[in-house]
Amino acid sequence: VVPTVEIGGQTYDIKLEIVDNQSTTDKAITAAQTLVNAGVSVVLGSYGSGVSIAAAPTFEQAKIPAIGISCTNPAVTELNPYYFRVCFLDPFQGSVMANFVSEEFGAKKAYILTMLGEDYGSGLGTYFTQAFKDLGGEVKAESFPEGTSDFSAYIQNAVTYGADVIFAPSSTTYAALIVGQAAKAGVTIPITAGDTWENSAILAAQKGTEQKVYCSTFFDENDDAGPAAAFVKGFKEFLNADPQNLTNNGGNDIVAAVSALGYDAYMTAIEAVKLAQSTEGEAIQAALFDVDIDAVTGHITINPETGDANKTEAYIKQATDGAFTFVKRQSVEG
């Protein structure tokens, strides 16, 4: 952890202002204004795309740069020069998963299942569909209404369609039901999704079953390249030093990708402050485009056209009897 930064030959302590947006778009605006009123120099967050998009105009108006953690929707940074991010985007993630299932399973037919009206899942489903069709595949897509608890009909539709793979990006609540019900029905079709599925709820649903479940994500704690190993060691020590830390982490010391991304966002902000030699938002915003660091989730430079981190690979993981196991690094080229 870097608790200080040097500006103009003087050392400054870094103070964190922590505000909870409660993962709702209305609270996101209130939380953003609270940070602006506190006089912060740079914002880290948020986790989700919807709340990031809602808060974005507030930060832009105040000329305070924000660095998104795992908000993968392209709209987060579009037309907003004050919003950046350290994660990859949904179009990239959708293409990565399409390439993965095509190569790993020789998939020719995919069944897409998303929640009606849910931006993250429907967007990711669309990007996957486009990429999978470009690879010569066929797709059948369906949506379920919010509040659905019985997915047996949808699972049977995938089987009847003859799907080689199911792509079902959705919240972890629905994902756990889909995985559990597919396993109970004896379905052998691999079920895949995006980064939100790297969650203990998915592990619990898959545990003790033969169901194959895969997701794309930003980081693997077993990656021993670059600064990743030192971060994992330090973060596990932090988690195990306090039972409350373990509880907050889901009851285990697994290093989630969002934790690694949070660290990278912090280090990106520190580097921008160093480059700017200023605590002024406008100066830090300009300096962010010059950031060039070896980060935990991969090398980070910023696309000057979009404010997005330049990412070339995603990590593919499989839920295997209570743990996520690394499968491969996957790019859109293979």
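Which residue does the side chain of Arg-85 meet in a salt bridge? The partner is Asp-308, at 2.7 Å from N to O. This is a predicted model. The count comes to eleven salt bridges and zero disulfides. The points below take the charged pairs one by one, then turn to the cysteines.

**Arg-85 and Asp-308**
- Arg-85 lies in strand β5, residues 83-85.
- Asp-308 lies in the loop between β12 (298-301) and β13 (314-320).
- The two residues are 223 residues apart in sequence, so their salt bridge ties together separate parts of the chain.
- Buried or exposed, where do these two residues fall? Both Arg-85 and Asp-308 are buried.

**Lys-63 and Glu-282**
- Lys-63 also takes part in a salt bridge, with Glu-282 as its partner.
- The closest N and O atoms of this pair are 3.9 Å apart. The cut-off is 4 Å, so the pair counts as a salt bridge.
- Lys-63 sits in the loop between α2 (49-62) and β4 (66-68). Glu-282 sits in helix α11, residues 281-288.
- This pair links distant parts of the chain, 219 residues apart.
- Lys-63 is partly exposed, at a relative accessible area of 41%. Glu-282 is partly exposed as well, at 48%.

**Glu-221 and Lys-236**
- Glu-221 and Lys-236 form a salt bridge, with 3.4 Å between the closest N and O atoms.
- Glu-221 lies in the loop between β10 (213-217) and α8 (228-240), while Lys-236 lies in helix α8 itself.
- The parts that this pair ties together are 15 residues apart in sequence.
- Lys-236 counts as partly exposed, with 21% relative accessibility. Buried means under 20%, so Lys-236 falls outside that class.

**A shared network**
- Which residues are joined into one network by salt bridges that share partners? They are Glu-198, Asp-220 and Lys-317.

**Cysteines**
- Cys-71 is in no disulfide. The nearest cysteine sulfur belongs to Cys-87, 5.1 Å away.
- Why is there no bond between the sulfur of Cys-87 and that of Cys-71? At 5.1 Å, the sulfur of Cys-71 is too far for a bond, although it is the closest cysteine sulfur to that of Cys-87. A disulfide needs the two sulfur atoms within 2.5 Å.
- Cys-71 is buried, with a relative accessible area of 0%. Cys-87 also counts as buried, at 0% relative accessibility.

Terms used. Residues numbered from 1 in each chain as written. Predicted model: local features only at pLDDT ≥ 70, side-chain atom pairs only at ≥ 80, totals over all residues. Heavy atoms only, no water. Helix = DSSP H or I, 4+ residues; strand = E, 2+ residues; numbered from the N terminus. Buried < 20%, exposed > 50% of the residue type's maximum accessible area, 1.4 Å probe, protein only.
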